[in-house]
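Colleague: Before I plan anything at the bench, I would like to go through this model with you.
Modeller: Here it is; ask what you like.

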Amino acid sequence: MANIVVVFHSGYGHTQRVAQAVADGAGAQLLAIDAEGNLPEGGWELLAAADMIVFGSPTYMGGVSWQFKKFADASSKVWFTQGWKDKLFAGFTNSATMNGDKGTTLTYLWTLAMQHSGLWVSMGILPSNNKAATRDSMNYVGGYGGLLTQSPSDASSAEIPKGDLDTARAFGERIGAVATARA
């Protein structure tokens, strides 16, 4: 079994719920970035020991949250020593609108992984893009490079669509399978 860590920031609980679903599917450990953009004690060591790192951030104003950005900037110390070189990476984001410029956030996460000389794992799940598709369908938001989820701005984290959470678990299963095959 591979050692997988999901490192994420969640401002209102939605991204945390998605992170939990990804972690459940992958058999991964969660590592939350706090409201000040910091990791808990031992967080950097946990990431150093991981076979795979999964990044998660809400999409705010077309990009990652400032708390996630602070974490990413702090990872430059790891970058300098190439401490995450050849690790597997994946990523996900949530926003209030169906598009919400989530692609920009996912591109940021991918770029961060590439700067660390990492290897990116894509969704591997076709989108539900036919007339029969509903919000409860798998990959309804249609991500390829990573997981994209949506929750209305006036919805609690308990109201994330079932299809998005099912997709998050399935993405986690893919992450777990790829990481285990490589370990």
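**Fold, first helix and two loops**

Modeller: There are six helices and seven strands in the protein chain. Keep in mind that this is a predicted model.

Colleague: In what pattern do the helices and strands follow one another along the sequence of the protein chain?
Modeller: The chain has six helices and seven strands to place. Read along the sequence, their pattern is β-α-β-α-β-β-α-α-β-α-β-β-α.

Colleague: What radius of gyration does the protein chain have, next to what the globule rule gives?
Modeller: For 183 residues the globule rule gives 16 Å, and the value for the chain is close to that, so the chain is as compact as a globular protein of that length. The C-alpha trace spans about 50 × 35 × 25 Å along its principal axes. The radius of gyration itself is 15 Å.

Colleague: What percentage of the residues of the protein chain count as buried?
Modeller: A residue counts as buried when its relative accessible area is under 20%. Of the 183 residues, the share that passes is 50%.

Colleague: How far does helix α1 reach from its first C-alpha to its last?
Modeller: Helix α1 covers residues 14-26, which is 13 residues. At 1.5 Å a residue, 18 Å is expected, and the model is close to that. The reach is 19 Å.

Colleague: Which elements help cover the buried residues of α1?
Modeller: The buried residues of α1 include H14, V18, A19, V22 and A26. Among the elements covering the buried residues of α1 are the strands β1 (4-9), β2 (29-33), β3 (52-60), β5 (88-95) and β7 (147-150). A helix also takes part, namely α6 (162-182).

Colleague: Is D24 buried, partly exposed or exposed?
Modeller: D24 lies in helix α1. Buried means under 20% relative accessible area and exposed means over 50%. D24 has 49% relative accessibility, so D24 counts as partly exposed.

Colleague: Where is M61, and what is its relative accessible area?
Modeller: M61 has a positive phi, near 50 degrees, in a residue other than glycine. The place of M61 is the loop between β3 and β4 (63-64). M61 is exposed, and its relative accessible area is 87%.

Colleague: What is the relative accessible area of D86?
Modeller: D86 sits in the loop between α4 (76-81) and β5. Its phi is positive, near 70 degrees, and D86 is a residue other than glycine. D86 is partly exposed, with a relative accessible area of 39%.

Key. Residues are numbered from 1 along each chain as its sequence is written. This is a predicted model: local features need pLDDT of at least 70, side-chain atom pairs count only at pLDDT 80 or more; totals for chains, interfaces and linings use all residues. Side-chain values use heavy atoms; hydrogens and water are left out. Helices (H or I, at least four residues) and strands (E, at least two) are DSSP runs, numbered from the N terminus. The radius of gyration is taken over C-alpha atoms; the globule rule is 2.2 Å times the number of residues to the power 0.38. Buried means under 20% relative accessible area, exposed over 50%, partly exposed in between (1.4 Å probe, protein chains only). The expected span of a helix is 1.5 Å times one less than its number of residues. Contact means heavy atoms within 4.5 Å.
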